[in-house]
Amino acid sequence: MQDRTKARFLPLILLAAALLFYTTTLPTISLARTISKSFAVSAVVLLSLSLAIGALARSWHKAVPAVPYRKFWGLVGVAFALLHAGIAFSDPLIFSVSLALSRQNVQLGLVALIIFAFLAVTSNRWAEKRLGFKYWKRLQQLGYLALAFVGLDLLVLGSGTFVRTPLGLLLGGIVAATLGLAAWDVWKNKKRSRKTGPENVSRK
Ligand code: HEM
């Protein structure tokens, strides 16, 4: 398969892998729960990837071909996260709505989801023109804050037990690496702008 095709199909590949993983490792849970969990893990990977690509491409030329896909992966990631939460909310076997808001992981997930949904809605040329590129770009960087909420969500899930499972460690590692990469990118740019002046620092 060509790289371009693989990039376009990445969300489906991730979702299929997650479905396979849950049906083989947790065969007794309901179908709704399997699907909700599969959307959740695929969303974490897609959103992290979408947020990491810019910083990665500035330091590693091999990541440059992936740059055109970051918006697509981000939007599909938000759609997957919405489906995950929607299925979880609508299936009483997963949890009851009355319990929902008292659970810490749901509160954190809800904050992340609201930020991501807002960024998805404003991720277009119309919003960019209305706000001006500088403020629009700053707004889009709230994605890192939303991802930090996802990281906290993972930390408290199952009273801290999820993050100690191999899948929890993998997802937590992906989120931490993305946030670390973003912080390093900001630091690197600040250092460069101190040397050359802010007008000479370009950010893709
Ligand atoms: C209103 C928002 C949200 C609600 C109501 C919600 C609800 C839930 C629930 C009930 C679980 C436990 C599922 C189970 O044990 O079957 C869960 C797990 C999870 N959630 Fe969310 N969530 C929300 C937002 C998010 C967001 C924004 C993300 C990431 C993008 C996310 C990622 C995950 C992950 C990775 C799991 C662990 C899956 C597993 O147990 O294997 N959630 N969520």
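This is a short chat about a predicted model of a protein chain with a ligand.

Q: What kind of model is this, and which residues count for local features?
A: The model is predicted; local features need pLDDT of at least 70, side-chain atom pairs count only at pLDDT 80 or more, and totals for chains, interfaces and linings use all residues. Residues are numbered from 1 along each chain as its sequence is written.

Q: How many helices and strands are there?
A: The protein chain has nine helices and zero strands. Its pattern along the sequence is α-α-α-α-α-α-α-α-α. Helices (H or I, at least four residues) and strands (E, at least two) are DSSP runs, numbered from the N terminus.

Q: What share of the chain is buried?
A: Buried residues make up 29% of the 204 residues. A residue is buried if 20 or more other C-beta atoms lie within 10 Å of its own, exposed if 12 or fewer, and partly exposed in between, with C-beta atoms placed from the backbone.

Q: And what share of the contacts join residues at least 24 apart?
A: Take contacts between residues at least 6 apart in sequence: 69% of them join residues at least 24 apart. Two residues are in contact if their C-beta atoms, placed from the backbone, lie within 7 Å.

Q: On to the ligand. How many residues surround it?
A: The ligand has 25 residues around it. The closest are A40, A85, A88, G109 and L110. A residue is near a molecule if its C-beta atom, placed from the backbone, lies within 6 Å of it.

Q: Which helices each supply at least two residues of that shell?
A: They are α2 (31-59), α3 (70-90), α5 (104-121) and α8 (142-156). The largest share, seven residues, comes from α2.

Q: How does the shell divide into nonpolar, polar and charged?
A: The shell has 20 nonpolar, two polar and three charged residues. Ala, Val, Leu, Ile, Met, Phe, Trp, Tyr, Cys and Pro count as nonpolar, Asp, Glu, Lys and Arg as charged, and the others, Gly among them, as polar.

Q: Back to α2. At what angle does it pack with α3?
A: The angle is about 155 degrees, and the axes of α2 and α3 are 7 Å apart. That makes α2 roughly antiparallel to α3. Axes are lines fitted to C-alpha atoms, for helices over the stretch in contact, and angles run from 0 to 180 degrees between N-to-C directions. Angles under 35 degrees count as roughly parallel, over 145 as roughly antiparallel, 65 to 115 as roughly perpendicular and the rest as oblique.

Q: Is that crossing left-handed or right-handed?
A: α2 passes α3 in a left-handed crossing. A crossing is left-handed if the near helix is turned anticlockwise from the far one by less than a right angle, and right-handed if clockwise. The contact of α2 with α3 holds 16 nonpolar, seven polar and one charged residues.

Q: What about α2 and α9, parallel or antiparallel?
A: α2 and α9 (residues 166-196) pack at about 25 degrees, with axes 9 Å apart. They are therefore roughly parallel. The crossing is left-handed.

Q: Which residues of α2 and α9 meet?
A: On the α2 side they include V41, V44 and L51. On the α9 side they include L171, I174 and D185. This contact divides into 13 nonpolar, two polar and two charged residues.

Q: How do α5 and α8 cross?
A: The axes of α5 and α8 come within 8 Å and cross at roughly 160 degrees. The two helices are therefore roughly antiparallel. Their crossing is left-handed. The contact of α5 with α8 has 13 nonpolar, four polar and one charged residues.

Q: Single residues now. Is L113 buried or exposed?
A: L113 is in α5. It counts as buried because it has 22 C-beta neighbours inside 10 Å. Leaving aside neighbours within four places in sequence, L113 is in contact with A81, L82 and A85.

Q: What is the phi of S159?
A: S159 has a positive phi of about 50 degrees, although it is not a glycine. Most residues other than glycine have a negative phi. S159 lies in the loop between α8 and α9. S159 counts as exposed, with 8 C-beta neighbours inside 10 Å.
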